[in-house]
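Hi,

Here is the structure I promised to send over. Have a look at it first, and then read on for my notes on what turned up in it.

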Amino acid sequence: MDVELLEIRQHMGQFPPFDGLSDELLDAIAGQVEVRYFKTGSDILVLNEVLNELCYIRSGAVEVYRRKGELYNRLVEGDIFGHFSLLRNHKVRFPATAIEDTLIYFIPDSIFQRLCEEDDDFADFVELERPRLETVAEQQKKSNDMMVTRIRRLVTSYPVMVESTTTVQDAAKQISDAQASAVLVIDDGNSNPRYSFQDSEGKTWQMCGILTDSDFRTRVVAEGLSPQTPIGDVISERLITIQSDASIYEAMLTMLRSNVHHLPVLYRQRPVGVVHLSDIIRYETHSGLYLVSNIFNQSSAQGLAKLAADVRAAFVRMVQEGANSQMIGSALSTIGRSFTRRLLELAEEKLGPPPVPYCFMVNGSMARNEQGIVTDQDNALILSDDFQPDQHDEYFQALATYVSNGLDACGYTYCKGDVMATNRQWRQPLRVWKSYFQDWMANPTPEKLLHSSIFFDLDSIYGEDHYVEALQDLIARTAPTSPLFLAAMARNALNRTPPLGFFRTFVMEKDGKHNNSINLKRRGTAPMVDLIRVHALACGSKAQNSFQRLNDISQTQLLATGVSDKLSYAFEFLCMSRLRHQMIDLQEERTPDNNIEPENVADSERHTLKDAFQVLSNAQKFLTFRYPVPAQRQGR
Amino acid sequence: MKGIRPRQRVTQSNWADYFAARAQRAQDGALKQFFAAPLPDPETPISQVPLVALDMETTGLDERHHGIVSIGVVPFTLDRIKLSERRYWVVKPPRPLDEASIAYHHITHSEIAEAPDLEDILDELLGALEGRLVVVHFRNIERPFLDTAVKERRGEGVMFPMIDTMSLEARLHRQTLWARFRRWLGRPPVSIRLHASRDRYGLPAYQGHHALVDALATAELLQAQIAHRYTPDTPLKSLWC
């Protein structure tokens, strides 16, 4: 669509039911809108008139009446009316009058019907005949959900934009005048098509950077630069942006991942606004993000430990709001990573700068971005190859101990298998780590790999990221051509099997207090993760997240067509089941665990769980067939 | 409006004759067709008149030195503004841009080079205006710029009756006894610019200085003016000029 109708699109996109629509549908509406002005007191809809348009209030106020003249509703900017008639016989049932000077956008019936067909939420919104308040209350609940609310909702004003030749003084003044906290810098180049757009006169611009309030402090004032410095000289090369129909949640993750507080919001390539961290926090104070920013504000390990309750609250909220397991896993992992990062920062403050560069590596669920609420810590230190144990290890041991104790206090319990940086074996220079992985892959036995498979989920969270990348590269290069290694991993992936006869012969864990329940991690999600990991290693995927690994696997011939989709659904269901039951535990003030109790399993859930277990079981059978132990080594 | 030079006044009484004469004389096919389309009778109620809002962005205020940069057109009636029938063009002004106007419009030489000449879209533009009464906000831009530009390209200019929402505002706020009283008191005159005028009718603020958005804004303003200050039966003759 031509950008000219942005004016209309932007306005509608802020209000339900339009706020949930894709940009594409919004464009379709904006291009077909018809407009009319109504003076105060004039009739907009007259009883029994034929109506072929949905009415949207762009400005002003409208009263809607019942047939007998009784007031039905009073509507304002952003509200719609007339939809009841469109859904029935196209005759006006509720007449409407402008009670202020009002501008109405009329949306043709054809578009209205298309919206009902293509967008379920829109259809729900207009089809339910009930007082608006009730609908709004429900909508409110929905729109509180950061996962589905689009970031454009938080965009309230156009971005301040200046040319790169503008002086910093002038730019600062424009920021103040607009009461903004950042300015977008544009020039007339076109070196980066990702950020080039046309202005209202058809001229092509490209966004080349952003300068924020704090940049003025750090990049201009602190550097002693003249107020006359062109702004183009002080902006950084790095530009992080987000699309206007991304979710608030995605925006939040982008901010965290990139450690920025301002995000230019783009509609395609055109900047339409800037969101600040505080916009999101204001929108959703109890969210994971608020928590994360709180984590980074803590000045002690004790302060961090106090936030553990907030983590649980954020978790419950996400499950209740219908987030899927990927969102929850990713949010909880982000929180876990933030705790770890902050603890490392605090440790460095306490111990001084590290004597040699290092990378703090996480393994297991945090590396896969699949963390749950019941989780222990799995981490390790990769040190520079300049590391001299006798001179440097004291420092890193202290660092690891500080972080590990801190994490335990925050609810990330010590790893029972001692996969922690406090363990000297897992606090080694990069070359030693390389030799570990080479040994695991070249001389594998199931026994040896039993306790090291956790290292094949690995990610960096602090320090020299490239150390971990080097290991990931090494694995992706070596694993696909190491049949013995894959066979050993495959065999280990069969150690835990799902229950099969689920209904009458409900398989219970026989060990102690959970007799009447099933451990959904041990019998479901964990074997699934193991299985997916084997295929991912076989195809040289560098992804760590199980869903992303399945994506990579589906690009290869490793599995029959459709199998990776099935696995993905089954995994999602198992994860969600586990998360839901942990939420129930928390709500009923029990300690959440990985067990599910049959009485808490709804009939529909039992059914689907059974299917999911079946998918897992079949996939496990295929695994032994796909990765056999090479013949000459058999019997060893 | 500093910089607008006084121009010969085009009066409304002779529009039908003027159109007939031009249709007769016109050499250019598109112009001949344009002038041959009948004008509504001056007595026609405004609610019966097909209208079209027109706005141009130009490189300056003087058609002898400046050129048209973009044109926006939105057909409408008192009942409905038809956004789906909107048209919008960016065109290349024939005269070289002076540095001042580059600074003002952020338009560079290379940018202009990519746009078509007005000549290439002129037939389409005339088609969009044909048979409809043109509505502008401040006719002393649209009228002379279009006339001059067409004259340069087709050897003959183009003039047509217009409703000028700014002059309708001026009648209310600049030419009344009250306005004279305000002036006498030394109060600043009421602004009759597009944004300020819209604001008085409760119309929302749009981003200005885009030909299409301004055309839409002008159409809405006329609807509001008619609703408040005139009636749907007001004859065309008391509105156009």
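Let me start with a bit of sheet in chain A: β13(A) is joined to strand β14 (residues 262-267) of chain A by 2 bridges, and the two run parallel. One pairing to click on is Q243(A), whose bridge partner in β14(A) is L266(A). Before I go further, keep in mind that this is a predicted model.

Those strands belong to an open sheet of 3 strands in chain A, ordered β13-β14-β15, with mixed pairing. The edges are taken by β13 (242-243) and β15 (270-276) of chain A; each has a single partner strand, so one side of each is left without a neighbour in the sheet. As a general reminder, strands of a sheet pair through backbone hydrogen bonds, in either a parallel or an antiparallel way.

Another strand pair in chain A is β16 and β19. Strand β16 (residues 358-363) of chain A is connected to β19(A) by 5 bridges, and this pair is antiparallel. Within it, F360(A) has Y462(A) of β19(A) as its bridge partner. How enclosed is strand β19 (residues 458-463) of chain A? Largely, because 5 of its 6 residues are buried.

Next, the helices of chain A. For α14 (residues 325-351), the ruler check works out: 27 residues at 1.5 Å a residue should span 39 Å, and the end C-alpha atoms are 38 Å apart, which agrees. Of those 27 residues, 19 are buried, so α14(A) is largely enclosed by the rest of the structure. Just past the end of α14(A) sits G352(A), with a positive phi of about 90°.

Helix α8 (residues 213-221) of chain A is a nice two-faced case. Its buried residues are D215(A), F216(A) and V220(A). Looking down the axis of α8(A), you'll see them fall within an arc of 105°, so they line one face of the helix. The face turned away from that buried side carries S214(A), R217(A) and T218(A), which are exposed. And what do the buried residues of α8(A) pack against? They pack against α7 (168-177) and β12 (204-212) of chain A. The general background is that an α-helix has 3.6 residues a turn, so residues three or four places apart point the same way.

On to the cores. The largest nonpolar core has 136 residues, and the members that touch the most others are V185(A), L211(A), L381(A), I382(A), L486(A) and V534(A). Leaving out neighbours within four places in sequence, I382(A) has contacts that include Y358(A), C359(A), M361(A) and W433(A). There is also a second, separate core of 101 residues, with I44(A), V92(A), L103(A) and V136(B) among them.

Now chain B. Its secondary structure comes to 10 helices and 6 strands, and 43% of its 241 residues are buried. Taking the contacts in chain B with a separation of 6 or more, 69% are between residues 24 or more positions apart.

Helix α2 (residues 29-36) of chain B has L31(B), F34(B) and F35(B) as its buried residues. Down the axis of α2(B), these fall within an arc of 90°, so they line one face of the helix. Their cover includes α1 (15-25), α5 (118-129) and α6 of chain B.

That last helix, α6 (residues 139-154) of chain B, is where you'll find E142(B). Is E142(B) buried or exposed? It counts as buried, because 21 other C-beta atoms lie within 10 Å, and the cut-off for buried is 20 or more. Apart from neighbours within four places in sequence, E142(B) is in contact with L54(B), M56(B) and V136(B). The C-alpha atoms of E142(B) and T58(B) are 9.2 Å apart, with their positions 84 residues apart along the chain.

Finally, the contact between the chains. It takes 32 residues from chain B and 24 residues from chain A. On the chain B side, β2 (68-76), β3 (81-82), β4 (87-90) and α10 (211-229) each supply at least two residues. The largest share of that side, 7 residues, comes from α10(B). By type, the chain B side divides into 15 nonpolar, 11 polar and 6 charged residues.

There is strand pairing across the chains too: strand β1 (residues 34-38) of chain A and β3(B) are joined by 2 bridges and run antiparallel. To find the spot, go to V35(A), whose bridge partner in β3(B) is I81(B).

Cheers

Key:
Residues numbered from 1 in each chain as written. Chains lettered and ligands numbered in written order. Predicted model: local features only at pLDDT ≥ 70, side-chain atom pairs only at ≥ 80, totals over all residues. Buried ≥ 20, exposed ≤ 12 C-beta atoms within 10 Å, placed from the backbone. Helix = DSSP H or I, 4+ residues; strand = E, 2+ residues; numbered from the N terminus. Arc of directions from axis to C-beta. Contact = placed C-beta atoms within 7 Å. Nonpolar A, V, L, I, M, F, W, Y, C, P; charged D, E, K, R; others polar. Pairing = 2+ DSSP bridges. Expected span 1.5 Å × (residues − 1). Core = buried A, V, L, I, M, F, W, Y, C linked by C-beta atoms within 7 Å.
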